[in-house]
Structure formats: structure tokens, C-alpha cells
There are 2 protein chains.
Amino acid sequence: MTIDAVLQRIDDMLPEALDRLLDLLRIPSISTDPAYKGDCARAADWLVEDLKSLGFDARSAPTPGHPMVVAHGGEGERHILFYGHYDVQPVDPLNLWDRDPFDPEVQDTAKGRVIRGRGSADDKGQLMTFLEACRAWKAVHGALPGRITIFLEGEEESGSPSLVPFMTENADELRSDIALICDTGLFEDDVPAITTMLRGLAKTEFTVHAANRDLHSGMYGGLARNPLHVLAKILGNLHDETGRVTVPGFYDGVKELPDEIRAQWQALAFDHEKFLGDVGLSLPAGEQDRTPLEMIWSRPTAEVNGLWGGYNGAGFKTVLPAEAHAKVSFRLVSEQDPGPVITAFRSWLEAQLPADCRVEWHDEINGSPASVMAITDPAFEQARQALSDEWGRPAAFVGAGGSIPIAGYFKTVLGMDSMLIGFGRDDDNIHSPNEKYDLECFHKGIRSWARVLERIA
Amino acid sequence: MTIDAVLQRIDDMLPEALDRLLDLLRIPSISTDPAYKGDCARAADWLVEDLKSLGFDARSAPTPGHPMVVAHGGEGERHILFYGHYDVQPVDPLNLWDRDPFDPEVQDTAKGRVIRGRGSADDKGQLMTFLEACRAWKAVHGALPGRITIFLEGEEESGSPSLVPFMTENADELRSDIALICDTGLFEDDVPAITTMLRGLAKTEFTVHAANRDLHSGMYGGLARNPLHVLAKILGNLHDETGRVTVPGFYDGVKELPDEIRAQWQALAFDHEKFLGDVGLSLPAGEQDRTPLEMIWSRPTAEVNGLWGGYNGAGFKTVLPAEAHAKVSFRLVSEQDPGPVITAFRSWLEAQLPADCRVEWHDEINGSPASVMAITDPAFEQARQALSDEWGRPAAFVGAGGSIPIAGYFKTVLGMDSMLIGFGRDDDNIHSPNEKYDLECFHKGIRSWARVLERIA
């Protein structure tokens, strides 16, 4: 038998797969709201039952928050862990939905059929693509496609407080050869992608103090130090004229993109004008000698996320404030570590403080390094070919500018790399009213996992 | 008869003068609070009666707000206008007062006897020094010391909404050769001063816009324009390394200090270390080639009074904000005008905006130019000698860093210069709980006006 029989089975059984997803979507598993605690447990139980029906040894494992779903099944040389999350975002503002968020349905739209409902794309629809692939495989082959552990979280939308403790306590049970994570999107509407680079994050908050009280600018202006000027001057120098961060040592450990990845990214023909145009911008504002994709995927950044001081109410107050405040964060890549980056920033800033100013740092150094997958593992190339076969467009190894904490935890807690493969589209309205998942993405997502599992499991 | 008889009379009658002041202080004429409207009128009436007792033709003139007190009396070549205000600041927080703010008394303190009560220094005690000087003069000479118009306001502590309309409507009646204003302080505890330079003020508020919404720094950071960086860079360049404002044309019309004034200021031996030390600072932060007194009295400034954008709540939000905001004001000197200064600032800022940014200006150009008195009028030197005689220390022509709008209005509406002479001390707690006026200041203030009037009226 070839993969064709499995794919045929998937096509034939799509209506039933859809019914199962709609069932799951009807459970309002909003993890951040204690009123839905019972619903979260119900969603976990629903999944446990479904996994059992696939032959998995499955359980709902309690945590101080919402339960984890853990299941094991199948045989194979390579032990694969699959991660998704069954909890969903709140639905406010409810009046912007065109129907009850937990009364999902398949709708015909100008762009095709969509599954409308909270969680359809993030992440119930996506996690079910994997389960449905397993189901079709089992139906055709009589067994799961490989040695598979399923690990489904119920707190992803509320900060994952139980995740690391649970992973640490159950490390031996969860540790696998590779993790598959289905919580990302396609690169473009029909271009599949495997996310192999995730930027890390370091952040710091501080106050620059000058006088011991707010001063009147008539009485003191021109003589006394204004900490807003100090902060503006220092942060105004955070980047040089070419867009490079000026903090000494900031780029230590930053590696150039491998030629293979660079070539793939060029082939993606990323439309940065559209990407920026959608938010009212037109020109890349980062490092001048980098491509737009490098700017958001593979280059580190320093960004002022908040800056404030003095009077910001109605009217005017001619004050020289006693203090000025800022929050600054850094997106990290390659082997940059949060600790040295924040330490370098602090030293750089303190060296520029003029007389009569002092800085107060408000937080411990914290953050997470970048995740860069070792794509030398043949599973990456195998998955890429499988996705290319399904979508008829070459799949790419892409980056993601933001952090996806679970991938970092799999690396740091369990020592394993992750392949992030997902089928969401930019217009899915995740976290917003009228969330949807394209029926095509659900269908081809199931088929994609069958092809991936055939090659790697 | 010489001035000695008048001074003797002042000394002899001080207890009665004090009783009159305490009477006036008992009227809670808080102009900003409508609950005290009747008390404001009562204070005006009290002053009208007192002025009539001195032989003035006095009236309480209604306005849409609180009444003006206007009085005319005496004969002389030089027509002198005297300005003060009978309204007072609110008294909150009441629990920080050691007695009822409107039950004034004379208290013995380690530093001498003080008149404790709201308005004792600002400005009822000060305005009464002038009236008591007139009273003693009249008692000794049988007539007022010259041709005097008294103009007392009841809205100084609440923005003076009626002042300019009233002055404009009654310009012919109020216009005099020179205005005496008693609402300032001594230079040091025993060094009298005549304020001859007041800085003007120009201000502007604006928003720098970039993207059409707040952006996630993971998704867009490194590629999209961050308006906080733009604003920090621009405002960080508002001053060069020597402390000079970098806006082209900003110093147009700024004049160097006359040698005579420079010599006087040097003789004042201003203790800038103490002045700054009191607010926790140690070093002058302004133009490096200027003295501290120049920095606050005779040099223009550009100060950021408020700066804000992005997230400033608890915790962190890795946002690239859509906008960044600032309030910037300028202290003006010599012949600088608010209009050209703001226009130059706007052009300077707009020229530095990078692609995809625009600035929105939130206000009309407004402000007031500096007031620089024509001290060539011999009245200034005469008054200086009179004050030096009374205090035993050479009086100085000083500047004031802040605006005192009335002096500007006398110039622009009535075309006359002002001499600002007052006897307040730094520790008078004006606008604060436990306001006081030193009995010595009240007493020597009365004597000072007698000496000044002898020479100029």
C-alpha cells in the first residue's frame, strides 16, 4: 500500500472529521476565565476519549490549572511527540461576532468554505488535523504510523503556568526524538512552511532619576538636568544611521544565515510592501543591508516598547520631571543570551548618564534565547518534501520573529528540537471575533500530516 | 520734613498695620472655588473702604469673574500704577496646616516673628505694604506721595480670565507712566531686588504617527518603524553637546546681557550649589559657557515637559506603538517671539522625520514673549537706591526664569514698563500649607515703599 490509500481515506471521511471538530469546538474551553474550568476539563476528556478510540493509551493529567492530555501509541524507530492546545481565547467583544462563537458551522464565503467558531484555527482545528491523519492511517494500515506521544495543553492562551513544572516532572515520559508542533501558519495562502528559527526575547524596565522632585521649568529650566532629555538622547542613540544597534557586544553570537536558508527565503519572494502596507507603512526601517525577511526572522532587534515621563494630561504643565521611564526589549537570534545582552545594555546606558542622574533597574534579568532547530536532522528535509508534495508549492524553512515558548521549553527542558508545521492563514482572525479555519486548510492539513508521518515516523 | 518722619510713623503704627492685615487675611477669598465668590467680593469691598480712608477715589468694578479694585488719588508729575491681588490659593491639604488658614496670627519662631495664614505672603501681605506706606505718608504729609492708581485683581490664582478684557476696556483709565508690582521676593533673605527681566514662554504638543495600529514586536520588530525611536532621536538632538538648542534660528533676537547687569549679577554671588543642592542636584546642566544665573534668567531654553508612548503599565507588552507624544516648551528672552520659535521648532522636527512618519500638531501657536524692562527710565535706579538704603545691602536688577503674565500685559495692553519689587522669602510656603510672611518683611516692605515713593513719585 502506498500513501494514496491513506489520502483517499482522508478525502472520503472528511465529513466525519468535520463533525468531530465541530463537536470539540462546541466546548467553550476558555482557559483564562475560571468560569470555564469545567469546560476545559470536558475538552480534555473529549480528546482523551478520541485518542483512546485511535488506540492510544491516553489520560487527562491534572495540574494546578487545567489538565494536560497525554497519550502514547504505535511503534517505530523514531519517537515523535505531537503538541497542540485545546484551550481557546475569550470571545469579547461578543457583539462583533456574526454568530455564537461556540455554535460553529461551515459557511460558504467568497474565498471558499470556512469553519467558523472560536478555536477553529487556534488551535483545535489544527490539532485535529494530526489526530485525523492518525485515524486515517490506522483505518488503512491497522496501526498508528509510528511511535507517537500526544501532548495537549489547556493553558496556552493563559500563560502556560503549569507547563514547565509538568514537563519537568514528566520529562522521561515526554522526551522524544523530535517534537511536532501544530500552532503556526502557512507562509502564504498556498505555500507550506516549517518554522525552524524562532527569535528569543530579553527585556528590561528602568527609571532615570535626576532631581529629588519635579521642578518648575521657569525657576530651574536651563540650569537643572531634565531626565527626559537624558533618556531621549540615550535611546535616540540605540541605533546608528544604518539601523544597527549600537550597544557594544550586542551582535556577539549572531550568525549569518546559511546559504541554503538564504536561497530558500529569496525563493519565497516575500512581499514586504504588502506586509508593511497592510499596517500603513511602506519602507523597511531596520538594518539597511538586510532583507525584510532577515529583519523579522534572523536579525536581533532592540525596541523601545514604552517611554514616559513628565506631564501627559490635558493642557500643559511646564515641569522638569524628577524621573523618566522606559521599557526596552530585545529580540534575540542564534546564540545570543538574554543575560549578556541585558548586561551590555545596562553598561552602555549607565556609561552615558550625565552628572546628577542615576538609573534604577526594575527587574531581574529574564528572557529566553532564540530557538534554532538543527535542520541537519533528516526529518526536516523529509517533512519539507512531504509538504511540497501535498501543496504543489515548495515548502520552505522559515523563521518567526516572535517567541513560541513551547519550542524553547522542548529544547531546554526535554533537549529536543521542534518542527513547527501549521496550516493557518493570515485572515483566520485568531484571538479576534469571527475566528475561522479554511476547510481547505483542515483537509490539506490532515493530508499533510499523513504525508509527513509516512516519511518521518 | 524728610523721609525719616514717615519711617518713624511706620514704626510707631506697625501694630495697627498688622491688625488691618489680619483683618484682610480672615476673608477666605479663594478665587478658584465658586463657593468663595462672596468672600472675594467681600475682600474687594474691604480694600475699597481702606483705600477710601486713605483719600483714594476707589471702587469695586464688576467683571464676569471676581471684581477688580480700582482707585485713584494724589498729585504728581509721574503717574504710578500699583498692582497686587487680593485672591488666594486653596488651602488643601488642610490637615497639613498647624492652624485654621483663615484664622491668622503672629507667631514667634526660631527665625523671628511671622504672620501665619493663607495669603499672608501671596499676596495680601505684600499689597498691604504699599497701602500702609501711603497711609503713613498721608499721616505725616497730609497727602498721598504722588499721583497713584491702585489696581488690585481677584483672579490671579485662577488664571486671570477677566484681566486682559478689563484692562483693554479701561485702558485710558489705567495707563500710567510706570507700574509697580508687588508679588515677587527678595533675592536672598536680606538682599532686595527689582525684577527687570522675565522670560517668556512658547509651547507645543504633538504626536508622531507611524503604523496605523500598534504592532507586535515579534512579528514586525526590526522591519517596521518605531515612532518612539524617532521621537527619542529627534528630541535627543534638541541640545548639542555644549547645551545649546540646535533648532536653526532659535537664538535669533537673543541679546547679550548689558555689562552693567552682568556686573550686578556677579556681585550677587548666587549660590547655585545650594540652589541645586536643595533639589538633589549638583551641577549646572545648561549652556556650558553661561553662568547659572544667566541659565535661569537671561538665556532661552527648550524643555521636554512630557514624553510618552507605548505601554507603561505593569509588566511588559512587546509593542511597537503606532504613535509617540510629547509636550515641549521654550522659555524666551529678549526679542524672541513665540510664533517664530514654534515655527522653527516644527520645521526642524519635520525635516528629521523618516519615511512613513508624520507629525500631528495639537495646538495653535501660543505663548508670550519675554518682558525686559527699559531700565534707562531713572525710576529704576531711584528705586534701587531706595531699597539699598532700607535693607543695608545693595539692591540688584534681577531676572526671573518664569513668566509673570501681568508684567507682559502692562507692556502689551497698556504700553508701560513694570518694576517688580517684593519682599517674599523662599520659605514663605506660598501655595502650600502654613503660608507665612515674615513680620520683618512686612515692616521693611512698608518702609521700602515709602523710600521708593519718595524718590520716584
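Biologist: By what turn can chain A be laid on chain B?

Modeller: Happy to start there, and please keep in mind that this is a predicted model. Laying chain A on chain B gives an RMSD of 0.1 Å, with a shift of 0.1 Å along the axis. That is the relation of a two-fold axis. The turn is 180°.

Biologist: What share of the interface residues of chain A are also interface residues in chain B?

Modeller: The copies meet through the same surface, because the interface residues of chain A are also interface residues in chain B. The share is 100%.

Biologist: Let us look inside one chain. How far apart do the C-alpha centres of domain 1 and domain 2 of chain A lie?

Modeller: The domain assignment of chain A gives domain 1 as 3-198 + 371-456 and domain 2 as 200-254 + 300-368. Between the C-alpha centres of these two domains of chain A, the distance is 40 Å.

Biologist: And how many residues of domain 1 of chain A are in contact with domain 2 of chain A?

Modeller: On the domain 2 side of chain A, five residues take part. The touching side of domain 1 of chain A holds two nonpolar residues, three polar and no charged. For domain 1 of chain A, the number in contact is five.

Biologist: Now the backbone. Which residue does a cis peptide bond join to Asp92(A)?

Modeller: Most peptide bonds are trans. The cis bond after Asp92(A) has an omega of about -5°. Its partner lies in the loop between strand 3 (79-85) and strand 4 (105-109) of chain A. That partner is Pro93(A).

Biologist: What is omega for the cis peptide bond from Asp122(A) to Asp123(A)?

Modeller: Look for Asp123(A) in the loop between strand 5 (112-116) and helix 4 (124-141) of chain A. For the cis bond from Asp122(A) to Asp123(A), omega is near 10°.

Biologist: What is phi of Asn429(B)?

Modeller: Most residues other than glycine have a negative phi. Asn429(B), in the loop between strand 18 (418-421) and strand 19 (436-438) of chain B, is not a glycine, yet its phi is positive. In chain A, Asn429(A) also has a positive phi, of about 60°. For Asn429(B), phi is near 55°.

Biologist: Does Asn429(A) count as buried, exposed or partly exposed?

Modeller: You will find Asn429(A) in the loop between strand 18 (418-421) and strand 19 (436-438) of chain A. A buried residue needs 20 or more other C-beta atoms within 10 Å, and an exposed one has 12 or fewer. Asn429(A) has 19 C-beta neighbours inside 10 Å, so it counts as partly exposed.

Terms used. Residues numbered from 1 in each chain as written. Chains lettered and ligands numbered in written order. Predicted model: local features only at pLDDT ≥ 70, side-chain atom pairs only at ≥ 80, totals over all residues. Domains from an automatic or database assignment. Contact = placed C-beta atoms within 7 Å. Nonpolar A, V, L, I, M, F, W, Y, C, P; charged D, E, K, R; others polar. Least-squares fit on C-alpha atoms with pLDDT ≥ 70 in both. Helix = DSSP H or I, 4+ residues; strand = E, 2+ residues; numbered from the N terminus.
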